[in-house]
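Me: I have a model with a ligand open on my screen. Can you walk me through how to read the ligand site and the ring contacts?

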Amino acid sequence: MGDGVTPTAASAPGKCILFGEHAVVYGQPAVAVAIEQRLTVAMTPAPSWSVDGSPLNSKKHPHIVMLKDALMDEDRPMAIHISGDIPNASGLGSSAALSAAVGAAMHHLSTQQQPLDKDRLSSLAHLAEAHAQGGRASPMDASTSVEGGVVILSNQREERGDWLYTRRLETPEGERTWEVHSLPAATEEVHLVLGNTGVHAPTSRQVAMVAKALAAQPHRMQEIEAIGTVARRGIDALIRGDYEAVGHAMSENHLLLRNLGVSSPELENLIQAAAPTSLGVKLTGAGGGGCMVALTRDPKTTGEAIELAGGRVLISRLGNPGVHLDSSG
Ligand code: MEV
């Protein structure tokens, strides 16, 4: 970048799931919020494609290769530089944020100035996630990173929230459909404190583990449905701005996730540390490691408690902007 060429740069937020992870893969309602932490990509014309100095590789960079093939009609090689403050493989949606930011920059490069087609971009980002997760992925991460704010997914159109689009995916268990909505629920009244266990647990493994448990014991679908019931209660509380009830539903959701087998001793340790100063606490994302989230009116004290228990802390307000172009080359 020392030759004076302005890179084309775009950034996209990570996400935190307040309700419904895993159950959303089976069509139950779920809610995610865009967090303050973002991932930025900068692209500069170059003699060949590269990512942070290494040649672009479909095994190492499957999301980028898929988006390049879909969005760049002519091969104009770019040097891609990735930066940001979303930890990798921690349940905070770093791969969807990468797809959203790369997709926005490529869209700009190939169409020159045309407004971003968020519907198409989030659909491509969803397909990239599904590819990486063995065919089982909800559009949760992709839509939240592209749209920003608060996103509700459900198997039916909800009266609450603004309906955005329908997503369909052929999964190993049959076709799934999700209705995606956005919810105006930004607030400074409460904060999210994210505690990272530092343990990497691939989403694909966690999602496959749940699928295997449900195939072996079909009656456990009741647990998935119970998560959906709690998520509906949480959505109502969020719309009323009743954060005590939101927190209560989050903690209930965590107990159901724990029974499902997707928590871990490291997550339980951080959750226990944060609980006394929080309105609600749960794991967020696929679990097995990664992050927990606390909803709190006192982010400083809750963050200190998580840090004392050995977690790495990130703090975010609720409701942050989705993907956008930061500069155009
Ligand atoms: C991952 O962020 C959330 C899961 O529900 C998987 C998905 O929705 O694709 C575990």
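Reply: Start with the pocket. This is a predicted model, and its largest pocket is the space taken by the ligand.

Me: Which residues surround the ligand?

Reply: List the residues with a heavy atom within 4 Å of the ligand. Here they are Lys15, Ile17, Glu21, His22, Val24, Val25, Gln133, Ala137, Ser138, Asp141, Val207 and Ala286.

Me: How does the shell divide into nonpolar, polar and charged residues?

Reply: Sort each shell residue by type. The shell has 6 nonpolar, 3 polar and 3 charged residues.

Me: Which side chains have a polar atom close to a ligand oxygen, with N or O pairs counted within 3.5 Å?

Reply: Take three in turn. Ser138 has a polar side-chain atom 2.6 Å from an oxygen atom of the ligand. For Lys15, a side-chain N or O atom is 3.0 Å from a ligand oxygen. Asp141 places a polar side-chain atom 3.2 Å from an oxygen atom of the ligand.

Me: How much of the ligand does the protein bury?

Reply: Compare the ligand alone with the ligand in place. Alone, the ligand exposes 300 Å². The protein buries 98% of that area.

Me: Now the rings. How many aromatic pairs does the structure hold?

Reply: The count is 0 aromatic pairs.

Me: Which charged ends sit over a ring?

Reply: Look for a charge above the ring face. The charged end of Arg157 lies over the Trp163 ring, 3.5 Å from the ring centre. Arg167 has its charged end over the ring of Tyr165, 3.9 Å from the centre.

Methods:
Residues numbered from 1 in each chain as written. Predicted model: local features only at pLDDT ≥ 70, side-chain atom pairs only at ≥ 80, totals over all residues. Heavy atoms only, no water. Polar contact = N/O pair within 3.5 Å; in protein donor to acceptor, adjacent residues only side chain to side chain. Areas by Shrake-Rupley, 256 points an atom, 1.4 Å probe, with all protein chains shown as cover. 1 Å grid on protein atoms, 1.4 Å probe; cavity = no way out; pocket = protein on both sides within 12 Å on 5 of 7 lines; lining within 4 Å. Sits in = over half its atoms within 2 Å of the grid points. Nonpolar A, V, L, I, M, F, W, Y, C, P; charged D, E, K, R; others polar. Phe/Tyr/Trp six-rings, centres within 6.5 Å; stacked < 30°, edge-to-face > 60°. Lys NZ or Arg CZ within 6 Å of the ring centre and 35° of its normal.
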